[in-house]
Every structure is written in C-alpha cells, then in structure tokens.
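Reader: I would like a close look at one part of this chain, namely the residues with an unusual backbone angle, and after that a careful account of the setting in which they sit. Please take me through it step by step.

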Amino acid sequence: MKVSELNVYPLKSGRGIALTEAEIGPAGIPGDRQMMVTDPDGMFITQRDLPALARIGVTPQASSVEIGMEGSGKLTVEHPDVQQRMDVVVWKSALSAAVAGDEVNRTLSEWLGRDVRLVFFDRRSHRTASSEWAGEDTPVIFADGYQVLITTTASLAAINADMRAHGEGEIGMERFRPNIVVETDEAWVEDSWESVEIGGITFDLVKPCARCIMTTQDQTTGSRDVASPMRAMGRIRMSADRRVPGPLFGWNAVPRQTGRIHLGDEVRVTSRREMPWPIKRR
C-alpha cells in the first residue's frame with residue numbers, strides 16, 4: 001500500500017490544495033484548517049450551511065494569504081495582529097482566534113451574501129482533540145475534531161460500484177476532503193487498522209468519520225445538483241456502534257511523531273484491532 005494523495009485545506013470548508021509532500025506536526029499538516037469563517041458571534045460556518053464556501057480558494061504566502069472566490073475576485077489578507085481577537089466556537093470547542101480586519105470581512109460578507117468574519121488560529125489559540133478518542137492533550141486546529149483524515153481508494157471504489165449499480169452515478173475522493181489517501185486493493189480494510197506507519201511516523205486511527213451533507217456537494221461549485229454518495233453509504237456503511245452513529249467513510253487519525261511524508265510512501269499497518277468497526281448489514 002502507498003500514499004496516493006496528500007491534501008491540505010487552509011480554510012475550513014474552502015477548496016483543498018493537492019501536495020506532493022507534507023510536513024506532519026502534532027496538529028497534523030501545518031496550515032490545515034488554520035482559517036475559518038464564522039458568524040458575527042463567532043459560531044463556525046461550513047459548507048453544511050453555506051455551500052458557496054466551496055468556491056473559495058486560499059493560497060498561503062509568507063506573511064499573508066491570497067483569497068479568491070470564483071466569479072467575485074481576489075484579495076490579499078495579511079496575517080492579523082495577535083491582539084485583534086474574538087472568541088469562536090467549533091462544535092463543542094470554544095477558543096480565542098485572531099480576526100481579520102473590517103475591510104476583509106466586508107468583502108467576504110459581500111461574496112458570501114451574509115455577515116461573516118474571517119478568523120485565524122494563531123500562537124495564542126489553543127484547542128485539543130477529544131481525550132476519549134485521541135488521548136490527552138493532542139493539539140488540533142479548526143478541523144471538525146481530529147488532526148488527520150485518512151481514506152482509501154478501494155473503499156471509494158466500493159461506494160462508486162454501489163452507486164453505479166443503483167443508477168446513481170459516481171463521485172471522486174474530493175467529496176470526503178481527506179488529508180491522506182491510501183491506495184488499497186481491499187475495500188474497508190481500514191476498519192481493522194489500529195495504527196499505520198508512513199515515512200517513519202505512526203498514525204493512530206482513533207475514530208471513524210461520520211459523514212454529512214457536505215459529501216453531496218460539488219467541491220468546486222458547492223452545487224448539490226450532483227451525484228450523491230449518501231444513499232450508497234446508507235446501504236453499505238451505516239455504523240452499528242452507537243458511539244459514532246450514521247454513515248461512515250474514512251478514519252480520523254492522530255500522528256504520534258513529527259516528520260515529512262511524500263506521495264508514493266509505503267503505508268505499513270503496525271497494529272490491528274481485535275474486531276473491525278461494526279457495520280450494519282442489510
């Protein structure tokens with residue numbers, strides 16, 4: 001098995017950037033989900049509520065980022081001063097984040113058609129993943145909950161095979177917004193992985209990823225008038241464990257060392273679960 005894709009998402013719910021190699025730190029790939037859009041009260045906003053975020057791309061620079069929205073334009077955003085802050089919420093996590101200036105927020109609000117703020121996770125921000133699943137004090141940025149998301153090619157092929165069999169078309173891996181894609185021959189083999197090693201770094205697969213409406217949206221346009229994997233996942237990937245209900249695809253992973261990984265790196269399973277994650281059978 002080998003790494004077939006590496007992706008980083010500088011803006012939570014914005015477009016991803018494909019990489020040929022990636023640094024891995026305690027919080028995952030540096031810069032991943034380091035920016036986020038919120039409402040004026042600091043509540044996080046994603047494609048679940050605002051599909052147009054899929055049209056926003058971010059290009060990191062040395063001391064700034066270039067943000068562009070297809071059909072609307074581009075702007076350069078300097079990293080905000082650490083003193084310019086607001087309290088924000090990501091699911092059950094409340095934390096302090098640096099906030100972009102008023103002009104930037106006005107422009108983004110015009111592009112997105114609602115009043116929003118752009119915030120940055122900086123050196124004064126602090127958040128950790130769930131200790132129940134990830135262990136104590138594992139840092140995470142603005143991701144939904146964990147440091148790295150791992151998916152596999154054979155499992156996507158199984159979803160597409162079921163979709164085609166039911167006349168529902170097919171989809172690409174971008175719908176699931178993974179950081180690391182592993183080329184595999186056997187569908188769902190990752191359900192039995194407890195940990196894998198890539199480039200000398202151990203990744204513990206701590207929790208399967210329950211999927212939502214974002215998988216039904218085109219990740220370039222935000223359109224929901226496209227093929228959807230939800231029915232297929234409902235037929236073949238419904239969790240049988242109440243701790244993580246719903247349709248599952250991919251695994252949340254925690255890196256236990258730091259280093260660098262590359263496309264084509266070997267993926268070696270270092271530990272397996274006694275029993276794979278249970279899936280409902282129909």
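Author: What follows looks first at two loop residues and then at the chain around them. The model is a predicted one, and every value below should be read with that in mind.

I begin with W91, whose phi is near 50°, a positive value in a residue other than glycine. Most residues other than glycine have a negative phi. W91 lies in the loop between β9, which covers residues 85-90, and β10, which covers residues 93-99. Its side of the picture is neither fully covered nor fully open, because a relative accessibility of 45% places W91 among the partly exposed residues. Leaving aside residues up to four places away in sequence, W91 touches F44, R48 and D144. A related distance is that from W91 to G145, for although 54 residues separate the two along the chain, their C-alpha atoms are 8.4 Å apart.

The other residue to consider here is R33, which likewise is not a glycine and has a positive phi of about 50°. R33 is found in the loop that joins β3, residues 21-24, to β4, residues 35-38. Is R33 buried or exposed? With a relative accessibility of 12%, R33 counts as buried, because the cut-off for that class is under 20%. W91, by contrast, is partly exposed at 45%.

The strand that comes before the loop of R33 also deserves a look, since E21 is found in strand β3. E21 is partly exposed, with a relative accessible area of 34%, and, when residues up to four places away in sequence are not counted, it touches L6, R260, I261 and H262. The pair E21 and K74 can be set beside the pair W91 and G145: E21 and K74 are 53 residues apart in sequence and 27 Å apart in space, C-alpha to C-alpha, whereas W91 and G145, 54 residues apart along the chain, are separated by 8.4 Å between their C-alpha atoms.

These local views belong to a chain with four helices and 18 strands. The radius of gyration of that chain is 19 Å, close to the 19 Å that the globule rule gives for 282 residues, so the chain is as compact as a globular protein of that length. Along its principal axes the C-alpha trace spans about 50 × 40 × 35 Å. Of the 282 residues, 54% count as buried, and among contacts with a separation of 6 or more, 69% are made by residues 24 or more positions apart. The chain exposes about 12,900 Å², of which carbon and sulfur atoms supply 46%. As for charge, there are 34 positive and 39 negative side chains, and the centres of these two sets lie 5 Å apart.

A last point concerns the cysteines, for the structure holds zero disulfides. C209 is in no disulfide, and the nearest cysteine sulfur, that of C212, is 8.1 Å away; for C212, which is in no disulfide either, the nearest cysteine sulfur is that of C209, at 8.1 Å. A disulfide would need the two sulfur atoms to be within 2.5 Å. C209 is buried, with a relative accessible area of 14%, while C212 counts as partly exposed at 23% relative accessibility.

Key. Residues are numbered from 1 along each chain as its sequence is written. This is a predicted model: local features need pLDDT of at least 70, side-chain atom pairs count only at pLDDT 80 or more; totals for chains, interfaces and linings use all residues. Side-chain values use heavy atoms; hydrogens and water are left out. Helices (H or I, at least four residues) and strands (E, at least two) are DSSP runs, numbered from the N terminus. Buried means under 20% relative accessible area, exposed over 50%, partly exposed in between (1.4 Å probe, protein chains only). The radius of gyration is taken over C-alpha atoms; the globule rule is 2.2 Å times the number of residues to the power 0.38. Contact means heavy atoms within 4.5 Å. Accessible areas come from the Shrake-Rupley method with a 1.4 Å probe; for residues, only the protein chains shown count as cover. Lys and Arg count as positive and Asp and Glu as negative; His and the chain ends are not counted. The place of a charge is taken as NZ of Lys, CZ of Arg, CG of Asp or CD of Glu.
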